[in-house]
Amino acid sequence: MHIAWGLAGALSTPWLLPARTADGAVAREDGVTSALREDTRSRDDVRATSAVRVGVRVFALEDDEHPAVSRAWFRERLDHANRLFDVIGVRFEVASWEPLRVANAPVDTRAQRDALGAAMNHEGQVDVYLVPRLTDVDAPPAQIRGVHWRLRRDTSRRWIIMSAISGPMVLAHELGHFFSLPHGAEPTSIMNKRPRSNPPWEQRVFTPREQTAMIAALTRMLDSGRLTPRKAR
Ligand SMILES: [Zn+2]
């Protein structure tokens, strides 16, 4: 099921962080996205048609008695992720928005994290589960904002879980993990979890080193079929 707001909104979203490093621009020409490049007339067209469009399948609680998040809430987080991933030519789009059973939320244990996605095939796209509560399984009852989770019995199967307390940058951070990144120490990196005020979170990015690693991961996932680019409309 296509979600109209996701597609139309993504198209009309201004690119607020157009700055692109030389590394990113060069890497982009190196092959990951060049195969998808089409004959286009303007720079904006090139950007829109050359991006690798990655579908995001969202599972969210849609129960009036247990509201966790809204589509606008998720959209804000997706928009921020897209601003940060533009530098490597990846654009995320909501492919579907599906209900999450109340029985599956909240998520307090490793078994419950496994149970969210254990029955599903995660090939081709990124699956994101939005839950009202996500407990730190290493230090309960502390709460965390998000996690990139691997099914314990088959760690090739993985997905993202976000809690209702996650801020606007959390989805981009977890997608960084999805694209192979560990936590880092570079001050400007969104993957650096050390509390700091400079730069403020909205100015944190994927560093050139991280961009290179993500492009390699993207290439692997496209080659293996783990990710299947969505076709241009
Ligand atoms: Zn992390």
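Author: A residue counts as partly exposed when the number of other C-beta atoms within 10 Å of its own falls between the buried mark of 20 or more and the exposed mark of 12 or fewer. The model we are looking at is predicted.

Reader: Thanks, that helps! Is S180 buried, exposed or partly exposed?

Author: S180 sits in the loop between α6 and α7. It has 14 other C-beta atoms within 10 Å, so S180 is partly exposed.

Reader: What is the phi of S180?

Author: Most residues other than glycine have a negative phi. S180, which comes just after α6, goes the other way, with a positive value in a residue other than glycine. Its phi is near 85 degrees.

Reader: Let's step back into the helix before it. How many of the residues of α6 are buried?

Author: Happy to! Helix α6 spans residues 170-178 and is mostly covered. The buried residues include V170, L171, H173 and E174, and F178 is another of them. The count for α6 is 8 of its 9 residues.

Reader: Which elements do those buried residues pack against?

Author: Both helices and strands take part. On the helix side, the buried residues of α6 meet α4 (71-85) and α7 (208-224). The strands they pack against are β3 (126-131), β4 (146-150) and β5 (158-163).

Reader: Now for R110. Why does R110 count as exposed?

Author: R110 lies in helix α5, residues 110-117. A residue is exposed if 12 or fewer other C-beta atoms lie within 10 Å of its own. R110 counts as exposed because its number of C-beta neighbours inside 10 Å is 12.

Reader: Which residues is R110 in contact with, leaving aside its neighbours within four places in sequence?

Author: One partner, V137, is 27 residues away in sequence, yet the C-alpha to C-alpha separation from R110 is 6.6 Å. Leaving aside neighbours within four places in sequence, the contacts of R110 are V137 and R152.

Reader: I also like to check prolines. Where is the cis peptide bond that has omega near 5 degrees?

Author: Most peptide bonds are trans. The cis bond with omega near 5 degrees leads into P141, a residue in the loop between β3 and β4. The bond runs from P140 to P141.

Reader: And which residues does the cis bond with omega of about 0 degrees join?

Author: This one involves a proline in the loop between α6 and α7. With omega at about 0 degrees, the cis bond joins N198 and P199.

Reader: Finally, how many helices and strands does the chain have?

Author: From the N terminus on, the order is α-α-α-β-α-β-α-β-β-β-α-α. That gives 7 helices and 5 strands.

How values were computed:
Residues are numbered from 1 along each chain as its sequence is written. This is a predicted model: local features need pLDDT of at least 70, side-chain atom pairs count only at pLDDT 80 or more; totals for chains, interfaces and linings use all residues. Helices (H or I, at least four residues) and strands (E, at least two) are DSSP runs, numbered from the N terminus. Two residues are in contact if their C-beta atoms, placed from the backbone, lie within 7 Å.
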